[in-house]
2 protein chains.
Amino acid sequence: MVHPSRIVMRMADQARTDRTRLRRKPARGSHDFATIAAICDEALVCHIAFTSPHGPVVIPTTFVRTGEQLYVHGSAASRMLETLAEGGAACIAITLLDALVLAKTALHHSANYRSVVAFGCGREVTDKAEKHAALAALLDKIEPGRSRACRPPNDKELAATMVIAFPLAEASAKTRTGGPLPDDPEDTHLPYWAGTIPIVTTRGSRIAA
Amino acid sequence: MVHPSRIVMRMADQARTDRTRLRRKPARGSHDFATIAAICDEALVCHIAFTSPHGPVVIPTTFVRTGEQLYVHGSAASRMLETLAEGGAACIAITLLDALVLAKTALHHSANYRSVVAFGCGREVTDKAEKHAALAALLDKIEPGRSRACRPPNDKELAATMVIAFPLAEASAKTRTGGPLPDDPEDTHLPYWAGTIPIVTTRGSRIAA
């Protein structure tokens with residue numbers, strides 16, 4: 001039986017607030033910035049929650065981390081970006097699913113994952129140099145050096161694109177690794193298979209247009 | 001140049017409301033139930049947004065679709081599930097990233113994806129038969145037949161587990177497929193590579209505990 005090895009709580013690099021206090025399974029949690037940054041850098045998609053007049057909304061989008069900030073971009077007509085630009089409270093989740101965990105009992109089935117949840121308010125990036133840098137970072141996340149291997153945005157394109165910066169100041173990470181939890185003594189004799197099924201995300205062969 | 005082939009809007013099986021009206025790139029959208037169901041059935045993780053006293057929160061979790069309902073589960077002590085059980089408004093996003101799309105110009109870089117966004121209110125599943133069925137469906141999504149290849153939850157375990165049903169009634173799908181958008185005439189001569197990089201998610205070899 002492989003016992004789950006979980007991240008040990010370390011000194012907080014990131015602010016621990018009432019919002020980022022880990023309520024469920026805090027032993028899986030971390031406020032360590034290097035842990036948070038690594039998850040952000042591996043994930044290609046984040047989910048942004050904000051409050052609309054109709055209630056909570058969550059939308060997926062690509063993103064990039066630069067230092068302690070996340071950048072997202074899109075059309076200047078996007079409702080989500082508009083809400084973020086106005087400084088409304090938002091929450092961003094970044095999730096990597098690593099494995100499915102199968103146990104002898106239904107209850108102990110689980111998933112291995114690495115996730116970040118960040119709370120804060122967006123800021124519209126209006127400084128031209130920062131905007132160009134954020135868009136270049138988004139391209140270079142797709143493929144290193146890509147921002148220099150395509151035509152950069154011209155002024156008209158730059159104006160039609162909104163870039164939002166979002167702070168990673170109030171963020172936490174949660175990680176589960178390893179196999180299923182140990183069975184209760186009365187379950188160890190059960191004949192069922194237990195272990196993990198890795199979920200593997202890879203890049204396939206490039207397809208030219 | 002492969003032109004993007006996008007889902008054509010079909011007759012709405014699911015309710016089109018002001019919330020599910022597709023604001024951005026409606027040509028990529030669909031309210032077709034089969035499209036929505038297929039995305040739900042392939043994805044292993046969803047992101048649930050709800051409103052807390054501190055503002056919007058989004059949390060990743062596993063889920064399963066049965067008919068026109070999504071089921072999520074967790075500890076009865078979970079704040080998210082408690083909020084959903086109380087019937088608070090929520091929004092669930094389900095996202096599959098299929099490819100990164102590289103164009104000759106920075107602006108036309110994109111991503112191929114299939115996503116669902118559903119709005120509604122949760123309902124705590126208290127009926128024992130429905131609760132057992134939902135938990136079995138969650139297990140069978142991990143691996144077909146898994147609910148019969150492990151010890152089912154006993155009464156104590158069932159009581160400690162909260163199951164929430166969430167309707168797919170007010171939901172929409174959004175899909176992008178294909179290569180980059182055609183270049184503007186003044187960009188076609190640019191020497192840069194354009195095309196797609198598939199993102200492939202597979203199950204690795206099982207690791208016994």
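# Exercises on a two-chain predicted model

Chain A is built from four helices and twelve strands. The model you are looking at is predicted. Work through the exercises with the structure open.

## Exercise 1: Getting to know chain A

Find what the C-alpha trace of chain A spans along its principal axes, and what percentage of its residues count as buried.

*Solution.* Start with the overall extent: the C-alpha trace of chain A spans about 70 × 45 × 35 Å along its principal axes. Next, turn to burial: chain A has 209 residues, and 41% of them count as buried. Finally, look at the contacts within chain A between residues at least 6 apart in sequence: 73% of these join residues at least 24 apart.

## Exercise 2: The largest nonpolar core

Which residues touch the most other members of the largest nonpolar core? Pick Ile48(A) and list its contacts, leaving aside neighbours within four places in sequence.

*Solution.* The largest nonpolar core holds 98 residues. Those that touch the most other members are Ile48(A), Ala49(A) and Ile92(A), together with Ile48(B), Ala49(B) and Ile92(B). Now zoom in on Ile48(A). Once neighbours within four places are set aside, Ile48(A) is in contact with Val58(A), Ile59(A), Thr61(A), Val72(A), Met80(A), Ala90(A) and Ile92(A).

## Exercise 3: The two sides of a helix

Sort residues of helix 1 of chain B: which are buried, and which are exposed?

*Solution.* Helix 1 of chain B covers residues 33–42, and its buried residues are Thr35(B), Ile36(B), Ile39(B) and Cys40(B). These residues lie on the same side of helix 1 of chain B because they cover an arc of only 130 degrees around the axis. On the other side of this helix, Ala34(B), Asp41(B) and Glu42(B) are exposed.

What covers the buried residues? The cover includes strand 1 (29–30), strand 4 (64–66), strand 5 (69–75), strand 6 (89–102), strand 7 (110–121) and strand 10 (170–176) of chain B.

Now try a residue in helix 1 of chain A: Ala37(A). Ala37(A) has 18 C-beta neighbours inside 10 Å, so it counts as partly exposed.

## Exercise 4: Where the chains meet

How many residues of each chain are in contact with the other chain? Describe the side of chain A that touches chain B.

*Solution.* Count the residues: 70 of chain A are in contact with 70 of chain B. Then look at the elements of chain A that give two or more residues to this side: strand 2 (45–52), strand 3 (55–62), strand 6 (89–102), strand 7 (110–121), helix 3 (128–142), strand 11 (195–203) and strand 12 (207–208). Strand 11 of chain A gives the largest share, nine residues. By class, this side of chain A has 41 nonpolar, 17 polar and twelve charged residues.

## Exercise 5: Symmetry

What turn and shift lay chain A on chain B?

*Solution.* A turn of 180 degrees with a shift of 0.0 Å along the axis lays chain A on chain B, with an RMSD of 0.0 Å. That is the relation of a two-fold axis. To locate the axis, find Thr201(A): of the residues of chain A, this one comes closest to the rotation axis, at 2.2 Å (C-alpha). Lastly, 100% of the interface residues of chain A are also interface residues in chain B, so the copies meet through the same surface.

## Exercise 6: Following strand 11

Trace the pairings of strand 11 of chain B, both with chain A and with strand 6 of its own chain.

*Solution.* Begin across the interface. Strand 11 of chain A and strand 11 of chain B run antiparallel and are joined by five bridges. Here Thr202(A) stands opposite Val200(B). Strand 12 of chain A also pairs with strand 11 of chain B, in the antiparallel sense over two bridges, and Ala208(A) has Gly195(B) as its bridge partner.

Within chain B, four bridges join strand 6 to strand 11, and the two run antiparallel. Val101(B) stands opposite Thr196(B) in strand 11.

End with Thr202(B), which lies in strand 11 of chain B. Buried or exposed? Thr202(B) counts as exposed, because it has 9 C-beta neighbours inside 10 Å.

Key. Residues are numbered from 1 along each chain as its sequence is written. Chains are lettered from A and ligands numbered from 1 in the order in which they are written. This is a predicted model: local features need pLDDT of at least 70, side-chain atom pairs count only at pLDDT 80 or more; totals for chains, interfaces and linings use all residues. A nonpolar core is a set of buried Ala, Val, Leu, Ile, Met, Phe, Trp, Tyr and Cys residues joined through C-beta atoms within 7 Å. A residue is buried if 20 or more other C-beta atoms lie within 10 Å of its own, exposed if 12 or fewer, and partly exposed in between; C-beta atoms are placed from the backbone. Two residues are in contact if their C-beta atoms, placed from the backbone, lie within 7 Å. The arc is that of the directions from the helix axis to the C-beta atoms. Ala, Val, Leu, Ile, Met, Phe, Trp, Tyr, Cys and Pro count as nonpolar, Asp, Glu, Lys and Arg as charged, and the others, Gly among them, as polar. Two strands pair if DSSP finds at least two bridges between them. Copies are superposed by least squares on the C-alpha atoms of residues with pLDDT of at least 70 in both.
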